[in-house]
Amino acid sequence: MLFNDQVTLCAFCNGRFYGGGFQISPKSKINDGLIDMVILPKVNRLFSPYYIYKILRKDLISCKDVVVKQVKECVITTPAAMNLDGEKKEAAKYHLVV
């Protein structure tokens, strides 16, 4: 298990950009055969502007509390609805494979 806790942001990327041009994972390469996971654990809302600033500066992964891992596949289990490539998905178990 790579991560088991509440999150503020969790992105699984095979490219550097998502969500209208946000560069959430600047080291991702579309042809490296890996999924880049970028996880921001749950943070106090008072700190949200700081993390938004870091995302806009393309520098979120430099934050010490952000988890970044590269995997060939992963299983995500979530009790909450999530956004998957622009579509709302209900709580479930998802298996991502490159």
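Biologist: Which residues line the second largest pocket?
Modeller: This is a predicted model, in which local features need pLDDT of at least 70 and side-chain atom pairs need 80 or more, while totals for chains, interfaces and linings use all residues. Numbering runs from 1 along each chain as its sequence is written, and side-chain values use heavy atoms, without hydrogens and water. A pocket is an open set on a 1 Å grid over the protein atoms alone, with protein on both sides within 12 Å along at least five of seven lines (in a cavity a 1.4 Å probe fits but cannot get out), and lining residues have an atom within 4 Å of a point. Here they are Thr-8, Leu-9, Tyr-18, Phe-22, Leu-40, Val-43, Ser-48, Tyr-51, Ile-52, Ile-55 and Leu-56.

Biologist: Which element gives the largest share of that lining, the one of the second largest pocket?
Modeller: Elements are DSSP runs numbered from the N terminus: helices (H or I, at least four residues) and strands (E, at least two). Two of them, β1 and α1 (48-56), give two or more residues to the second largest pocket. The largest share, five residues, comes from α1.

Biologist: What is the volume of the largest pocket?
Modeller: Its lining has 37 residues, and nearest the centre are Cys-10, Ala-11, Phe-12, Ile-76 and Met-82. Strand β1 gives seven of the lining residues, the largest share. The volume (space filled by probe spheres on points joined across faces, edges and corners) is about 1400 Å³.

Biologist: How far is the nearest side chain of opposite charge from Asp-36?
Modeller: Asp-36 sits in strand β4. Asp-36 is buried (under 20% relative accessible area; exposed is over 50%, partly exposed in between, 1.4 Å probe, protein chains only) and has no salt bridge (Lys or Arg side-chain nitrogen within 4 Å of an Asp or Glu carboxyl oxygen). The nearest side chain of opposite charge is Lys-27, and the distance is 8.7 Å.

Biologist: Which residue forms a salt bridge with Asp-59?
Modeller: The model has two salt bridges. Asp-59 is partly exposed, at 27% relative accessible area. Its partner is buried, at 11%. The closest N and O atoms are 2.7 Å apart, and the partner is Lys-54.

Biologist: What is the N to O distance in the salt bridge of Glu-87 and Lys-89?
Modeller: Glu-87 is partly exposed, with 47% relative accessible area. Lys-89 counts as partly exposed too, at 28%. From N to O, the side chains of Glu-87 and Lys-89 meet at 3.8 Å.

Terms used: Lys, Arg positive; Asp, Glu negative; His and termini not counted.
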